[in-house]
Structure formats: C-alpha cells, structure tokens
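Here are a few friendly notes to read beside the model. Keep the 3D view open and find each residue as you go.

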Amino acid sequence: MDQENTSDVAAALAALTEEIKREHDRAAHREEIIDRLQEDNQRLRHSLLQEALLPIRAGLYRLHDQVSREVARLCADPQADGHHGALMAAIAAEVAEVLARTGVELMEVEAGQPYDRARHRAIDVADGPDGLVVAVAAAGFEQDGRTVRKADVVLGRAPLQEEDR
C-alpha cells in the first residue's frame, strides 16, 4: 500500500506541476498581451498628441517666417535701429525653441548646400552654381530626422554661356 500511495502522490504531484506550468504559460501570455496593448496605447496617444499639435505648429511656422523676414529686412536697411533687428532675431529664436519643445527642430539649411528635394522646396531660381541652394527664404523643420516642413530655397542655375544659346 505504501508503494501505491507513493505512486499516487507522485502522479498527483506531476499533474499539479503540469497544471502550474500551464497556468504560468497562460499568465506569461497575458503579460505579453498587456505589454503589447500598453505599447499600442502609448503609440496611439503620441499620434493623437502629434495630430493635435499640427495646427499649433503651422501657426508657429508662419510666425517664425514673418519674424525672420522682418529680421532680414531690418538688417538690410542701413537706417534701421540695430536694436529692433536683434529683438526680432530673439523672437524668431524663441519661436524655434517653442517648436523644439513640441518635438520639431529647426533644420540647418545654408546657401551653398546641394539641393535636396526631400528637405528643400525651390521657390525661385537665380544665377549661381547649378543644383546648389543660393538663398534660404523660409526655414525648414524636422522631427526625429524626418522632414516635416521643407525649407523654401532659391535654387542656383548657372547663367547660359554664349555657346549654350
């Protein structure tokens, strides 16, 4: 009888061990599902926030453009008070900083860079080296390395030579 009880206890323990393993596997599976749902929820919330920020960013882009144009105008005017130009430049920098706090960074674009269709929007052409940015008319912005607003640029086009005409 002792042998029989021992084998019954061993069988019961084996069954119990198997049941505990199945429960553990189910719990692990539930945890995976919860983690995946949490990640999906976070992505959705981030996406909704980014979508809600779109009109705010659009307004800030326009404000940055207006202030930057005014800075350029004041700097070009020899009779303008230098204080006003510096003040407007500080405002443009603050607008760019506010945009950065929403996750959008000012894109570095300078004259002399090669034209890049993914980062630049040619709004005009002027005499200059073919395929290079001659001037920047409006800043571009990027988010996580992805262009969200192309920079408006003037694209260089070499003047036609006599033999090209």
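1. Start with the side chains of Q50 and R57, which are joined by a polar contact of 2.8 Å. Please keep in mind that this is a predicted model, so treat the distance as a computed value.

2. Where does Q50 lie? Its place is in helix 1, the element that covers residues 2-76. Is Q50 buried or exposed? Its relative accessibility is 15%, and because buried means under 20%, Q50 counts as buried.

3. Now look at what surrounds Q50. Leaving out residues up to four places away in sequence, Q50 touches R57, T102 and Q143. R57 is thus a partner of Q50 in two ways: it is on this list of touching residues, and its side chain shares the polar contact with that of Q50.

4. T102 deserves a visit of its own. You will find T102 in the loop between helix 2 and strand 1, the strand made of residues 105-107. With a relative accessibility of 17%, T102 counts as buried. Which residues does T102 touch, if those up to four places away in sequence are not counted? They are Q50, L53, R57 and Q143. Compare this with the partners of Q50, where R57 and Q143 also appear.

5. Next, step back to the two helices. Helix 1 (residues 2-76) packs with helix 2 (residues 82-101) at an angle of about 160 degrees, and their axes are 9 Å apart. Why is this pair called roughly antiparallel? An angle over 145 degrees counts as roughly antiparallel, so helix 1 and helix 2 earn that description. The crossing of the two helices is left-handed.

6. Which residues make the helix contact? On the helix 1 side they are R57, L60, Y61, L63, H64, V67, S68, E70, V71 and L74. On the helix 2 side they are H84, G85, M88, A89, I91, A92, V95, A96, V98 and L99. By kind, the residues of this contact divide into 14 nonpolar, 4 polar and 2 charged. Notice a familiar name here: R57 takes part in the helix contact and also touches T102.

7. Some residues in the helices are partly exposed, and three are worth finding. A86, in helix 2, has a relative accessible area of 47% and is partly exposed. In helix 1 you will find E39, which counts as partly exposed at 46% relative accessibility. H29 is also in helix 1, and its relative accessible area of 44% makes it partly exposed.

8. These three residues also let you try some distances between C-alpha atoms. A86 and A11 are 75 residues apart along the chain, and their C-alpha atoms are separated by 86 Å. For E39 and V136, 97 residues apart along the chain, the separation is 40 Å. For H29 and A151, 122 residues apart along the chain, the separation is 48 Å.

9. Finish at D144, in the loop between strand 4 (140-143) and strand 5 (146-149). Is D144 buried or exposed? At 77% relative accessibility, D144 counts as exposed. Check its backbone too: phi of D144 is near 55 degrees, a positive value in a residue other than glycine.

Note on methods. Residues numbered from 1 in each chain as written. Predicted model: local features only at pLDDT ≥ 70, side-chain atom pairs only at ≥ 80, totals over all residues. Heavy atoms only, no water. Axes fitted to C-alpha atoms, helices over the stretch in contact; angles between N-to-C directions. Helix = DSSP H or I, 4+ residues; strand = E, 2+ residues; numbered from the N terminus. Parallel < 35°, antiparallel > 145°, perpendicular 65-115°, else oblique. Left-handed = near helix turned anticlockwise from the far one by under 90°. Contact = heavy atoms within 4.5 Å. Nonpolar A, V, L, I, M, F, W, Y, C, P; charged D, E, K, R; others polar. Buried < 20%, exposed > 50% of the residue type's maximum accessible area, 1.4 Å probe, protein only. Polar contact = N/O pair within 3.5 Å; in protein donor to acceptor, adjacent residues only side chain to side chain.
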